[in-house]
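Me: I'd like a close look at one part of this protein, namely how its charged side chains pair up. Could you walk me through it?
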Amino acid sequence: MIGAGQAGLSASYHLQRLGIDHVLLDADERAGGAWRHRWDSLTMDDVHGVADLPDSAAPGRGPDRANAVIPDWFAAYEQSHGLPVVRPVRVDRVDSDGELLVVRAGERSWTTRTLVNATGTWSRPFVPRYPGQETFRGEQLHTADYPGPDHFRGKRVVVVGGGASAVQFLGELRPVTETVWVTRREPVWRNGGEIDGRAVVQLVERRVRQGLPPASVVSHTGLALRPQERLAEILGAYRRRPMFARIEADGVRWADGTFEPADVILWATGFRPAVGHLAPLRLRSEYGGIALLPGTTDVQTSVTAARDPRVQLVGYGPSASTIGGNRAGRAAALAVRRFLEEQDERAAG
């Protein structure tokens, strides 16, 4: 297994319950997955929800930092269940060697009949390219580098991106400094009501089934403001402008010649799946994504790579959420057992 975030811990738990020997390779020095790297101002009251792990209730809401609470929970979970985590191990590539897979990390390697990949997206921040980007004399940061609102006091900040992170950043920044919000498309706001989570996941799964890259969940759910973002709304933080045409030394310029000075460009432009180490297996379709085989009637159980059934992906596509990662973890463990049993039957044949 690769990756000890929520999906990886869930899969490891279920593999262990099924009596399947495995190791769980994790790139970080300590437990916590991507949560270890979230900004200090993100509290448990701010997170959009963390699902329970198997046999362990998630921490509740509160004012404590998410980047401390959730890693502590993960660490306790690893220890209490005796999960076979090996860290720090940063996997470079996975090769096929006949019927086996070889997982390589520097000079170390592991040989396995099957693989569960749970590497998420945090290690692959996406920043689009715009003309003049390299000439900007100010600071450019991505969500992955966000240091909290105090860092931006007195600086004019252009926030780029139409997702939930951009909305949250504007909510924190506008009360302490000047901001400009820029998006490629008109933001879609949610007008109350409950989100049909299953329908949203089905839309994501449909793309992955076709071999397309996964789309962001917010593109299907729409945006909503939380109570802590109302002041920023009053101050005009969410008056969105269309995307600029180029970046200059001291700011950004639109196609009509309009110029906006800036000290900081904050790219809240999302992440891409961290699956580069799987490239030697040629799992991607001609459309650029990794197609997954159908699971059960629950689309979050679609975990098996269509081009190589030895590989299970959890936290990818329809299971890219904490609750989806849990369901996918169990599905991946069951898929591993089926694959191994089929291999053994053929060998005994």
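Which residue does Glu78 form a salt bridge with, and how far apart are the closest N and O atoms?

Reply: Happy to, bearing in mind that this is a predicted model. Glu78 pairs with Arg87, and their closest N and O atoms sit 2.9 Å apart. That counts as a salt bridge because the side-chain nitrogen of the Arg lies within 4 Å of a carboxyl oxygen of the Glu. As for how open the two partners are, Glu78 has 9% relative accessibility, so it is buried, while Arg87 is partly exposed at 23%.

Now for some company: the structure holds 21 salt bridges, and a couple of others are worth a look next to this one.

Take Glu260 and Arg156, whose closest N and O atoms are 2.4 Å apart. This pair links distant parts of the chain, 104 residues apart: Glu260 belongs to strand S13 (residues 259-261), and Arg156 lies in the loop between strand S7 (139-142) and strand S8 (157-160). Glu260 is buried, with a relative accessible area of 11%, whereas Arg156 comes out as partly exposed at 23%. These two don't act as a lone couple either: Arg156 and Glu260 are linked with Arg174, Glu178 and Arg241 in a network of salt bridges.

Then there's Asp150, which forms a salt bridge with Arg153, the closest N and O atoms being 3.1 Å apart. Here the acidic partner is out in the open: Asp150 has a relative accessible area of 56%, so it counts as exposed.

Key: Residues are numbered from 1 along each chain as its sequence is written. This is a predicted model: local features need pLDDT of at least 70, side-chain atom pairs count only at pLDDT 80 or more; totals for chains, interfaces and linings use all residues. Side-chain values use heavy atoms; hydrogens and water are left out. Buried means under 20% relative accessible area, exposed over 50%, partly exposed in between (1.4 Å probe, protein chains only). Helices (H or I, at least four residues) and strands (E, at least two) are DSSP runs, numbered from the N terminus.
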